[in-house]
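Let's take a walk through this protein model together. Have the structure open as you read, and turn it around whenever a new part comes up.

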Amino acid sequence: MKEVIIIFGGSSVEKEISAQSADGIFKNIDQSKFSPKLVDIEDLKINTLTKDIVIFIAVHGEGGEDGTIQKLLSDNKIKFTGSGEKSARLCWDKISSKSLMQSNGIPTPAYRIVRKDEKIELKDDFYKSIESFFVKPNSNGSSFGVSKVADINLLEKAVAEARIYSDDVIIEEAYNAAEYTVGVLKGEALEPLEIIADDDQGFYNYEAKYNSKKTKKVEVVDESLKKELQKIALKAFYQHGCQTWGRVDFVFNGDQLGVLEINTVPGFTENSLFPLAAKISGINYQELITNIIEDSI
């Protein structure tokens, strides 16, 4: 029986969600195939691990999605789930990811970068020609530090808030028509979902993601849209060098789709987007866990 250590927690702002993901995996893993153990990443002792162990990474955010734990495990020849160090780091760094997408013809909303200690150049035509913006930290998850701004005079305040989580900040054109997400599992795109966020929140922020009962996640039924989302998701996923599983998030402006980001360790509770997409695709929660582990061995 294969020993699987499910690591979670850490020091990131997403540690509570990480603990919920890990708990779901632990309770639902197929114990006829795997012997699971829950370990907080801060308690992980790398020198006690053997090469027969598989680490299921359920650490969201810093330390789990930025390539840090992937590098440590790779350097010690320990098997782990999901993408490797290079692709995890690339997806975590929104500026690098944006650049890659633009270079490879992957649609993504227009943006500007505000580096540490820089001021916003409000005379830039970019700010004059766009109705609303998303201001976000370059490297963070779960929408911490993200603001939606319609008045350019409020951009400085939004940048200051984003800098709490990351020195570098992205100001991105807001696509307001719709939001979608596509899970990728073992080379196949899962059924796309449309995210209809709680109107009270204004966008799919932390509250809308984890606490609101008004947010809806519905299957995309338009076949042409579905195929387009899946095609772009697979291209984005593999251009970033990702492996086994992940989630590609999209926005739509009424005319064109844009990729927001690739999540290499997306939320993994039974009610999270990725497991829900898998369920609609005919893969139950336990089967999903098994697929991810077996593809990583």
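## Before we start

A residue counts as buried when its relative accessible area is under 20%. Keep in mind that you're looking at a predicted model.

## A well-covered strand

With that cut-off in hand, look at strand 6, residues 133-137: five of its five residues are buried. The side chains go two ways here. Phe133, Val135 and Pro137 point one way from the strand, while Phe134 and Lys136 point the other way, and all are buried.

Strand 6 also has company in its sheet. With strand 7 (residues 147-149) it pairs in the antiparallel sense over three bridges, and with strand 8 (residues 169-173) it does so over five bridges, again antiparallel. Phe133 is a handy residue to click on: it stands opposite Val149 in strand 7, and its bridge partner in strand 8 is Glu173.

## The antiparallel sheet

Zoom out a little, and you'll see an open sheet of four strands in the order 5-8-6-7, with antiparallel pairing. What do strand 5 (111-114) and strand 7 leave without a neighbour in the sheet? One side of each, because both stand at the edges with a single partner strand. From one strand to the next, the twist averages 25°.

A helix rests on this sheet as well. Helix 6, residues 155-162, packs on it and touches strand 5, strand 6, strand 7 and strand 8. The direction of helix 6 makes about 25° with that of strand 6.

## The parallel sheet

Now find the other group of strands. Four of them form an open sheet in the order 2-1-3-4, and this time the pairing is parallel. Its edge strands are strand 2 (34-40) and strand 4 (79-80), each of which pairs on one side only. Strand 1 (residues 2-8) is joined to strand 2 by seven bridges, the two running parallel. In strand 2, Pro36 is the bridge partner of Val4.

Two helices pack on this sheet. Helix 1 touches strand 1, strand 2 and strand 3 (54-57), and its direction makes about 160° with that of strand 1. Helix 10 (residues 285-296) touches strand 1, strand 2, strand 3 and strand 4, with its direction at about 130° to that of strand 3.

## Two sides of helix 1

Here's a quick check you can follow: at 1.5 Å a residue, the 14 residues of helix 1 (residues 15-28) should span 20 Å, and the end C-alpha atoms are indeed 20 Å apart. Which residues of helix 1 are buried? They are Ile17, Ser18, Ser21, Ala22, Gly24 and Ile25. These buried residues cover an arc of only 155° around the axis, which puts them on the same side of helix 1. The face turned away from that buried side carries the exposed residues Glu16 and Lys27.

## The nonpolar cores

Next, look inside. The largest nonpolar core has 41 residues, and those with the most contacts inside it are Ile7, Ile55, Phe56, Ile57 and Phe268. The elements giving two or more residues to this core include strand 1, helix 1, strand 2, strand 3 and helix 10. Elements from later in the chain also do so, among them strand 11 (193-196) and helix 9 (273-280).

Pick Ile57 to see some of this up close. Leaving out residues up to four places away in sequence, Ile57 touches Ile7, Gly64, Ile69, Gln70, Leu73, Phe80, Thr81 and Val265. There's also a second, separate core of 20 residues, which includes Cys91, Tyr180, Val220 and Ala233.

## Two residues to click on

Thr290 sits in helix 10. Is Thr290 buried or exposed? At 7% relative accessibility, Thr290 counts as buried. Setting aside neighbours within four places in sequence, Thr290 is in contact with Asp30, Lys33 and Phe34.

Lys79, for its part, belongs to strand 4. With a relative accessible area of 33%, Lys79 is partly exposed. Lys79 and Lys2 are 77 residues apart in sequence and 12 Å apart in space, C-alpha to C-alpha. Not counting residues up to four places away in sequence, Lys79 touches Lys51, Ile53, Val54, Ile55, Ser296 and Ile297.

Conventions
Residues are numbered from 1 along each chain as its sequence is written. This is a predicted model: local features need pLDDT of at least 70, side-chain atom pairs count only at pLDDT 80 or more; totals for chains, interfaces and linings use all residues. Side-chain values use heavy atoms; hydrogens and water are left out. The expected span of a helix is 1.5 Å times one less than its number of residues. Buried means under 20% relative accessible area, exposed over 50%, partly exposed in between (1.4 Å probe, protein chains only). The arc is that of the directions from the helix axis to the C-beta atoms. Two strands pair if DSSP finds at least two bridges between them. Contact means heavy atoms within 4.5 Å. Axes are lines fitted to C-alpha atoms, for helices over the stretch in contact, and angles run from 0 to 180 degrees between N-to-C directions. A nonpolar core is a set of buried Ala, Val, Leu, Ile, Met, Phe, Trp, Tyr and Cys residues joined through side-chain atoms within 4.5 Å.
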